[in-house]
Amino acid sequence: MQPVPLPLAMAACLACTFALPGCTSPQRATSEPAVVAPATTSVTQTRAQYLMGTIVDITAVAPTEAAAQAALTAGFEEIRRLEQMLSTWIDTSELSQVNRAAGHSPVQVSAETFELLTIALDIAAQTDGAFNIAIGPAVRLWRVTEAQRVPSDIELAIAGQYVDYHMIQLNPAEKTVYLEKPGMQIDVGGIGKGFTAEKVAAVMRRNGATGALIAVSGDFRIFGRRADGSSWPVGIQHPRKPGHLLATIDSTDEAVSTSGDYERFFLKDGVRYHHILDPATLKPARLCQSVTIVADNATLADGYATGIFVLGPVRGLALAERLRLGAAIVDADGRLNVSNRLAQRLKSP
Ligand code: FAD
Ligand code: MG
């Protein structure tokens, strides 16, 4: 697929409008007397909370308001549970314990944490290390949104001794995680929100939701349909001009994840320093402005959006085609590169 030199106008917002509660099934257009099927109604309820350092916005569709509210409550409880388990902002979390034990001892973790790390290391292998959860020491060095300073090459070289993801040892039998070197730090900022969205969808289904749109910052997990039976239109962010819709994707059962250099960054001497680091240089990756991945699973969509952002349009598009991912890659020059799985689906608003 050659890059399509389109002026970029992709906007960041959820182009979701919420159907009015209640819908009736369509009349049948036949000569027989119309048999009006009993109206099946669904209810739409939405709720937002600040969790995992970001706004989580969930819309639930269910047969009744009580069922929709129950699904929302179960969904947010699941996010809090996973945040306590995975957040390296929480000292008592499993991942914080793994990081503290680096170079000393393996730490036994829950099945979910082990599952997340297994997927993350697989994406690292598939992206040739472009996606790398051992990146923690460099992420802490940059602290892009807080420090707003460019680390020295010496500081980066020192951090570079601790970012080899091959030194993350997973023991499936014991469910333990061991970081071989003191100073290593796992960081799941690039995959943990997608993983959470995936788990929330399963919990909401079990609690009565027939459809939902789960938005954990730029990581969306969609299932089922809206109350009026239509699919969920989702927009993609323009990396340089927010609020301008080039296209929407009509979505029902899939995940849509966007990684971009336009929210967590600072400018210094005209250079944009953002939070998605190239593990080869430990500096902000320079080949893309944003990457949107559409996949069947939100964990994969989140991890590959970050990894393909680092790989760039040529290697990233080739990987997306090989893995049959939907990909909309905005390269450094603002050109749109779209994978086959997505090419027919980008709809103009
Ligand atoms: P993506 O674009 O998906 O990936 C960028 C993030 O991934 C970076 O911020 C970095 O963490 C990491 N990363 C950078 N380069 C790479 C690379 N090459 N490979 C792999 N990963 C890379 N933020 C807060 O400010 N406060 C909190 O309390 C907080 N709690 C959190 C709890 C959890 C469980 C998780 C998963 C995240 C939490 N965050 C918190 C981080 C925040 O929510 C986002 O994860 C972060 O801002 C980046 O989101 P993003 O979608 O832009 O990341
Ligand atoms: Mg990501």
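## A buried strand

Eight of the eight residues of strand E15 (residues 288–295) are buried, so the rest of the structure largely encloses this strand. The model described here is a predicted one.

E15 has a partner in strand E10 (residues 254–260), and the two pair in the antiparallel sense over six bridges. Across this pairing, Thr258 stands opposite Thr292 in E15. E15 also pairs with strand E16 (residues 326–331), again in the antiparallel sense and over six bridges. Here the bridge partner of Ile293 is Ala327 in E16. In a regular strand, side chains alternate between the two faces of the sheet.

## From strand E10 to the magnesium ion

Strand E10 also contains Ser259. This residue counts as buried because its relative accessibility is 8%, and the limit for buried is under 20%. The side chain of Ser259 makes a polar contact with the side chain of Thr306, at 3.3 Å. Thr306 has a relative accessibility of 15% and so counts as buried too.

Thr306 is also one of the residues that coordinate the magnesium ion (ligand 2). The coordinating atoms are Gly190 (O), Asp302 (O), Asp302 (OD) and Thr306 (OG1), at 2.0 to 2.5 Å. Along the sequence, the donor residues follow the spacing G-x111-D-x3-T. Gly190 and Thr306 link distant parts of the chain, 116 residues apart: Gly190 lies in the loop between strand E5 (176–179) and H6, and Thr306 lies in helix H7. Gly190 is buried, with a relative accessible area of 17%.

## The surroundings of ligand 1

Which residues come nearest to ligand 1? Of the 26 residues around ligand 1, these are Met52, Lys193, Arg264, His275 and Leu277. By class, the shell around ligand 1 consists of twelve nonpolar, nine polar and five charged residues.

Two helices each supply at least two residues of this shell: helix H6 (192–206) and helix H7 (298–311). H7 gives the most, with three residues.

Several polar atoms of the protein can be placed relative to ligand 1. A polar backbone atom of Met52 is 2.5 Å from an oxygen atom of ligand 1. In the side chain of Trp89, an N or O atom is 3.4 Å from a nitrogen atom of ligand 1. Asp302 has a polar side-chain atom 3.1 Å from an oxygen atom of ligand 1. On its own, ligand 1 has 950 Å² of accessible area, and the protein covers 90% of that. Asp302 thus appears in two places in this report: beside ligand 1 and among the donors of the magnesium ion.

## Two loop residues with positive phi

Met52 lies in the loop between strand E1 (43–51) and strand E2 (54–62). Its phi is near 55°, a positive value in a residue other than glycine. Is Met52 buried, partly exposed or exposed? Met52 counts as partly exposed because its relative accessibility is 22%, and partly exposed begins where buried, under 20%, ends.

Lys175 is not a glycine either, and has a positive phi of about 55°. This residue lies in the loop between strand E4 (168–171) and E5. Lys175 has a relative accessible area of 30% and is partly exposed.

## A three-strand sheet and a hairpin

The strands on either side of the Lys175 loop are E4 and E5. They run antiparallel and are joined by four bridges. One facing pair is Gln169 and Tyr178, with Tyr178 in E5 as the bridge partner of Gln169. E4 and E5 belong to an open sheet of three strands, with the order E3-E5-E4 and antiparallel pairing. Strand E3 (107–108) and E4 are the edge strands, since each pairs on one side only.

Elsewhere, strand E11 (residues 265–268) and strand E12 (residues 271–274) run antiparallel, joined by four bridges. Leu267 stands opposite Arg272 in E12. How many residues lie between E11 and E12 in their hairpin? There are two residues between the strands, and Asp269 in the turn has a positive phi of about 50°.

How values were computed. Residues numbered from 1 in each chain as written. Chains lettered and ligands numbered in written order. Predicted model: local features only at pLDDT ≥ 70, side-chain atom pairs only at ≥ 80, totals over all residues. Heavy atoms only, no water. Near = heavy atom within 4 Å. Polar contact = N/O pair within 3.5 Å; in protein donor to acceptor, adjacent residues only side chain to side chain. Areas by Shrake-Rupley, 256 points an atom, 1.4 Å probe, with all protein chains shown as cover. Nonpolar A, V, L, I, M, F, W, Y, C, P; charged D, E, K, R; others polar. Donors = N, O, S within 2.8 Å, 3.2 Å for Na, K, Ca; no water. Buried < 20%, exposed > 50% of the residue type's maximum accessible area, 1.4 Å probe, protein only. Pairing = 2+ DSSP bridges.
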